[in-house]
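User: Could you take a close look at one part of this model, the open sheet, and go through its strands, the helix lying across them and the charged pairs that follow? Please end with the nonpolar cores, and give the cut-offs behind each term as you come to it.

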Amino acid sequence: MHNVMSKKIHGLTAAEVRQSRREHGENVLTPPRRPSMWRLYIEKYDDPMVRILLVAALVSLVLSFVKQDFVETLGIIVAVILATTVGFYFERDAARRFDVLTQMGEEQPVKVLREGRIQEIPRRDVVVGDVVIVETGDEIPADGKLLESTDLQVDESSLTGEQLATKRVVDLQTPGNPHASNPLQSSQDTAYPPDLLLRSSMVMAGTGRYVVTAVGDETEIGHVARQATELTGVKTPLNIQLDSLAKMISKAGGGLAMASFLAFLIHDMLTNSLWHTDDYLGMTEVVLRYFMMAVTLIVMAVPEGLPMAVTLALALNMRRMLKSNNLVRKLQASETMGAVTVICTDKTGTLTENRMTVSDVVSDDFQSLYTAIALNTTATDTVGNPTEQALLRWLMAQGVDYQQLREAYTPTGRLPFSTERKYMTTTVGDTVYIKGAPEVVVAMCRLSEGQRQQLEARLLEWQKHAMRTLAIARDETLLAIVAISDPLRKEVPAAIHQCRQAGIDVKIVTGDTAETALEIARQAGVLGDGGVANGAITGAEFAALSDDEAMERVKMLKVMSRARPSDKQRLVSLLQRQGEVVAVTGDGTNDAPALNRAHVGLSLGSGTSVAKQASDITLLDDSFHSIVQAVMWGRSLYKNIQRFIFFQLIVNVAALLLVLCGAFIGTEMPLTITQILWVNLIMDTFAAMALASLPPSREVLKERPRSRDAFIISRPMLWGIGIVGGLFFMIMALLLWYFERVAGVDTTELTIFFTIFVMLQWWNLFNARMLGSGFSAFRRLWACRGFLLVLVLILVGQWLIVTFGGKMFRTVPLSWQTWLYIIVGTSPVLWIGEIWRKVRK
């Protein structure tokens, strides 16, 4: 008992911490065993298209033994291995980045008592024997036994399904106590003993201190092997759109591939004397060659690069958003932020600096006030509730040692602050100290009408200057009213202006007074040119409206003051019913319902664990400017994926039409299987890298938000794909006709034909980069180093294939003059695009 009391008062020493960590380990849950890298790589071959290619490679291998020529078979196998390896690398890289993000949860700060001082340490550093201090909104970091508590209620639903369990200290020495024989045995009406706190459960109300009894895998949640990391394979709205697109293109490609197979085969039957002989092996070889061509066309029609492009874009997006203080917890959030139309933001911390400072105090009894503040707070001057920290820092500035006052008195009861009551009380003997909203606390005190009017005038003046007001009382005697300021962040007005330019409506939803909320709204520019008319409402007024009345009111609503959690949640629901895509910011446990209901929940880095758990993105710097950055990233991500689709579908349309045209002209296949595989699987991989790595553009903030239900291929994109793909086909068809009818077809001409086809796509990458923009393709080109690197890789890769591809790629080396003619001759693709963008602008 003496050791327990010692820990309760002083906590562990540094030596005891080291000893405990050696004996019990770190407070980290061992992640589930991952599949080996080889197994993950083999899974890449489960793709239906890759399986078809492998079947084609097997058939080709059988024919190769007959012809003693393995070049084409080797080319197919190499192309498949390269494609699957690149896909595996990017997916592995994305998973590794997710691991980094999930590990950041182990750095969550925890308040512990060590060597007689309250300290904040990372959750992973909590050890058995530590005395942990918890309050409303905290997540329990490790299992332990309660030492003291005040109205402590815990959500244990993650373990038992019980949403609210009341916790209290149990004296095991008391005769008749049901837990005296077994401290871990629960009572009949609860799953766990009332003095046992469990890791991952949430403190919903009250405060407490407990001593840690188990950490890491030895905790209850560790025993049931709960996976602590978030799964990353969630189907997002964008993924669903891409799946639909892939199915549509696959069906179209399958139809064209079948038509091409039949056309080539019938043409061969009509023109080749082989079919009038008994050479069945030769006939089989012809049929299989055309079958392989059809299979390749199916592969080419399927946008194989799309999953890779999305994976890469998301991985890069998450890493870059993290650098701009947006920690993305759920994949769909980075996409959905680009479609947000309404942001419901809290005031404190997001719009303001969240550095509370006492600006003014009105009191007739400062000595009693000092005692009231010291006893009726649970924070310290550096840890805990920001308003209480400001009061305690003010005490220290007056030369008062609040810790000494706390040690001199022993509280006998405490009623924690709640958003419903709007006040907190601490009882010491027969004395009750009260601290809370002035309208509530003043109503409890004995004051004359004149005194009330004077107080109201002073409070109103403070509130007009966006100051938070507080009243402090002892029993029924008012001790003081206090003004606490939290200045507006410098970057907020510009960020609000950017939101308005981007077509996003910003609404402030706060628990502060109407005057404070309106003053901040004016300073931030939320009210715009319309002023206050019908743009402000209190939580009570909003709750009194019927749903129909509220639906009309929310359209023009800009500021909701004195809002309760239910008001915020109702506002989000009504906005969603109107078809709005809603993002909500919140930092407290009471914000969790609204964060959950919103399309994108944005928690603050300084917020509670409950708020972070309910959110999709965490703003590490608590700044509204980071929300604007997230919108920019979300819109840019969507545009980058649209750019890749535009680029790849032009390649597919041109190549499919070209092969069909070759069948009807009666020429040899203009592009071989290995050449088509290079264009579709390998070169498109480079294109995915180039377009996914494009930096975000602030131009997207000048556009209106996209509809969540809009198909990813817009009407202008569809026209562009059809026109450009058709023009490329016509150029190549004319070139094929020229080679066939005038110059004669040999390997050199077919090499030139293949290189021209690739270079047309190479120049079109510049146009794809500027899709939807009226600016020149050379604008900020040197800033896109990844894009330039990929352009070089494609050019070098094409030169290597032409120079050293030989029989595998049906190529011969070309002179530098021929290369120059091809590069210059295909460059009008860029120049025509430049003219078109200039005309549009």
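The answer below begins with the sheet, passes to the salt bridges and closes with the cores.

Analyst: This is a predicted model, in which local features need a pLDDT of at least 70 and side-chain atom pairs count only at pLDDT 80 or more, while totals for chains, interfaces and linings use all residues. Residues are numbered from 1 along each chain as its sequence is written, and side-chain values use heavy atoms, with hydrogens and water left out.

The sheet is open and has eight strands in the order S8-S21-S20-S19-S9-S16-S18-S17, with mixed pairing. Its edge strands are S8 (326–328) and S17 (536–538), each of which pairs on one side only, and the twist from one strand to the next averages 20°. Strands here are DSSP runs of type E with at least two residues, and helices are DSSP runs of type H or I with at least four residues, both numbered from the N terminus; two strands count as paired if DSSP finds at least two bridges between them. Strand S9 (residues 342–345) and strand S19 (residues 582–586) run parallel and are joined by three bridges, with Val 584 in S19 serving as the bridge partner of Cys 344.

Helix H17 (residues 514–524) lies across three of the strands named in that order, namely S16 (505–509), S17 and S18 (559–561), and runs at about 150° to S18. Contact means heavy atoms within 4.5 Å, and the angle is taken between N-to-C directions on a scale from 0 to 180 degrees, the axes being lines fitted to C-alpha atoms, for helices over the stretch in contact.

Turning to the charged pairs, a search of the whole structure finds 19 salt bridges, each being a side-chain nitrogen of Lys or Arg within 4 Å of a carboxyl oxygen of Asp or Glu. In general, side chains of opposite charge can pair when their charged atoms come close. One such pair is Lys 507 and Asp 505, whose side chains meet at 2.8 Å, N to O. With a relative accessibility of 1%, Lys 507 counts as buried, and Asp 505 is buried as well, with a relative accessible area of 18%; buried means under 20% relative accessible area, exposed over 50%, and partly exposed in between, using a 1.4 Å probe and protein chains only.

Another salt bridge forms between Arg 577 and Asp 547, where the closest N and O atoms are 3.9 Å apart. This pair links distant parts of the chain, since Arg 577 belongs to helix H20 (residues 565–577) and Asp 547 to helix H19 (residues 547–556), 30 residues apart. Arg 577 is exposed, at 54% relative accessibility, whereas Asp 547 is partly exposed, at 38%.

Within helix H19, Lys 555 and Glu 552 lie three residues apart, about one turn of the helix, and their side chains meet in a salt bridge of 3.5 Å, N to O. An α-helix has 3.6 residues a turn, so residues three or four places apart point the same way. Glu 552 is partly exposed, with a relative accessible area of 47%. Salt bridges that share partners also join Asp 505, Lys 507 and Lys 558 into one network.

The cores complete the picture. A nonpolar core is a set of buried Ala, Val, Leu, Ile, Met, Phe, Trp, Tyr and Cys residues joined through side-chain atoms within 4.5 Å. The largest has 67 residues, of which Phe 766 and Phe 787 touch the most other members; the elements giving two or more residues to this core include helix H23 (624–665), helix H26 (747–769) and helix H27 (785–804). Leaving out residues up to four places away in sequence, Phe 787 touches Ala 690, Leu 691, Ser 693, Leu 694, Leu 765, Phe 766, Arg 769 and Leu 781. A second, separate core holds 42 residues, among them Ala 517, Val 526, Val 559 and Val 600.

A polar residue may be set beside these cores: Asn 640, placed in helix H23, is buried at 6% relative accessible area. Apart from neighbours within four places in sequence, Asn 640 is in contact with Leu 691, Ala 692 and Leu 694.
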